[in-house]
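Let's take a walk through a protein together, one step at a time. Have the sequence and the 3D view open as you read.

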Amino acid sequence: MADSAAQQTSQLVVPSRWAKAPLLILCCAPLATVTVTYPMALADGRVDSGHFFISSSIDQGVEKRVGVIGLGISSLALALVALQRYTEMTLLAQRLPQEVSLRLHCMNRIALGCAFVSAFGMLGVSAFNVSYRYVVHYTFAFAGFHGLFAYCLIQTWIDRFMLSHNSFCSSSSKPTTSHRCRVGLCCMSTLGIIVGTTTFNLGYLPAAALCELLVFGTQILYFWTWLLLSRAGDAKEVCISHVSPPLAGFAVQLTVMRADDHRTAEKQPGEC
């Protein structure tokens, strides 16, 4: 009787428009935040042509309140997107040989940890503005930027790894095209971090601020490629099934449906 109860499955069907909501928020919330705060900070004299760091644009006044809301929403969206991606890659790794799958699973866990560090860094940046605690603020900023940078690098490696094993549910060229876009964005982000750190330490603040915006832009564009280029294997096209009963004694099957194909819910666990 206990074994029979453990095999019972509860099913939750999530339309793709809701499954993609955290990713859409992650793509839009940071852009909306800086779009609002920069003009306000410019009018208040907190940023100018020689000093226009993101930290300065959300340092005080109404801009700080907007930054707290924008970064808070962005950090939550990042955590949700990272969890969704982690579950997706865990499922797709099941098709690979065990040794290869274990290697991929290890990288997947590291990427998830980097995303959580970045999300926590975003919250810290919004809580400790630069004029309040300079060192604390930049410590959180380092965690936010570099955590997200590491996350994007690892996910690009995972994409390449999965493409080399034909593990995405598509025979089109879109996965390869989007992967190349992400490689280019990671290269630009790497350049921005190296040049920005160097110029900041040398005191060339305008160049350092420009590099910060470059890194910020490339990281946001990275997630826009997930949203716009219809990456094969995206979570909206994958059936996620936890076949091993958890501690509660029942298995939960999560089927994320395409908006134009409700028959996805009829597929067997693990199919694409």
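Does phenylalanine 128 count as buried, partly exposed or exposed, and what is its relative accessibility? Keep that question in mind while we look at the whole chain. What you see is a predicted model.

Start with the overall layout. The chain is built from nine helices and three strands. If you follow the sequence from beginning to end, the pattern reads α-β-α-α-α-α-α-α-α-α-β-β. There are 272 residues in the chain, and 45% of them are buried. Among contacts with a separation of 6 or more, 73% join residues 24 or more positions apart. The accessible surface adds up to about 13,900 Å², and carbon and sulfur atoms supply 66% of that area.

Now back to our opening question. Phenylalanine 128 counts as partly exposed, because its relative accessibility is 30%, and partly exposed covers the range between 20% and 50%. Its ring has company. The ring centres of phenylalanine 128 and phenylalanine 140 are 5.8 Å apart and their planes meet at 10 degrees, so this pair is stacked. The two partners come from distant parts of the chain: phenylalanine 128 sits in the loop between H6 and helix H7 (134-164), while phenylalanine 140 belongs to helix H7, twelve residues apart. Phenylalanine 140 is buried, with a relative accessible area of 17%.

There are eleven aromatic pairs in total. Another of them joins phenylalanine 128 to tyrosine 132, with ring centres 6.3 Å apart and planes at 25 degrees, so this pair is stacked too. Tyrosine 132 counts as partly exposed, at 47% relative accessibility. Look over the ring of tyrosine 132 and you will find the charged end of arginine 133, 4.5 Å from the ring centre. Elsewhere, ring pairs connect Phe53, Tyr134, Tyr138 and Phe200 into a cluster.

Let's turn from rings to charges. The chain has four salt bridges. One of them connects glutamate 63 with arginine 46, whose closest N and O atoms are 2.7 Å apart. Glutamate 63 is in helix H5 and arginine 46 is in the loop between helix H3 (21-44) and helix H4 (54-57), so the bridge ties together parts that lie 17 residues apart in sequence. Glutamate 63 is buried, at a relative accessible area of 2%, whereas arginine 46 is partly exposed, at 27%. Asp44 joins Arg46 and Glu63 in a network of salt bridges.

Next, find aspartate 159, which is buried at 1% relative accessibility. Which arginine in helix H8 (residues 174-202) is paired with aspartate 159? The partner there is arginine 182, and it lies 23 residues from aspartate 159, which is in helix H7. The closest N and O atoms of this salt bridge are 2.8 Å apart, and both arginine 182 and aspartate 159 are buried. Aspartate 159 also forms a salt bridge with arginine 85, again with closest N and O atoms 2.8 Å apart. That pair spans 74 residues, from arginine 85 in helix H5 to aspartate 159 in helix H7. Arginine 85 is buried as well, with a relative accessible area of 2%.

Finish on the outside. Leu76, Leu80, Leu83 and Phe116 make up a nonpolar patch on the surface, with about 350 Å² of accessible area together. Helix H5 (residues 61-93) contributes the largest share, three residues. Phenylalanine 116 lies in helix H6 (residues 98-127), and it counts as partly exposed at 36% relative accessibility.

Note on methods: Residues numbered from 1 in each chain as written. Predicted model: local features only at pLDDT ≥ 70, side-chain atom pairs only at ≥ 80, totals over all residues. Heavy atoms only, no water. Helix = DSSP H or I, 4+ residues; strand = E, 2+ residues; numbered from the N terminus. Buried < 20%, exposed > 50% of the residue type's maximum accessible area, 1.4 Å probe, protein only. Contact = heavy atoms within 4.5 Å. Areas by Shrake-Rupley, 256 points an atom, 1.4 Å probe, with all protein chains shown as cover. Patch = residues over 30% accessible without salt bridge, like charges linked within 9 Å, V, L, I, M, F, W, Y side chains within 5 Å. Salt bridge = Lys/Arg side-chain N within 4 Å of Asp/Glu carboxyl O. Phe/Tyr/Trp six-rings, centres within 6.5 Å; stacked < 30°, edge-to-face > 60°. Lys NZ or Arg CZ within 6 Å of the ring centre and 35° of its normal.
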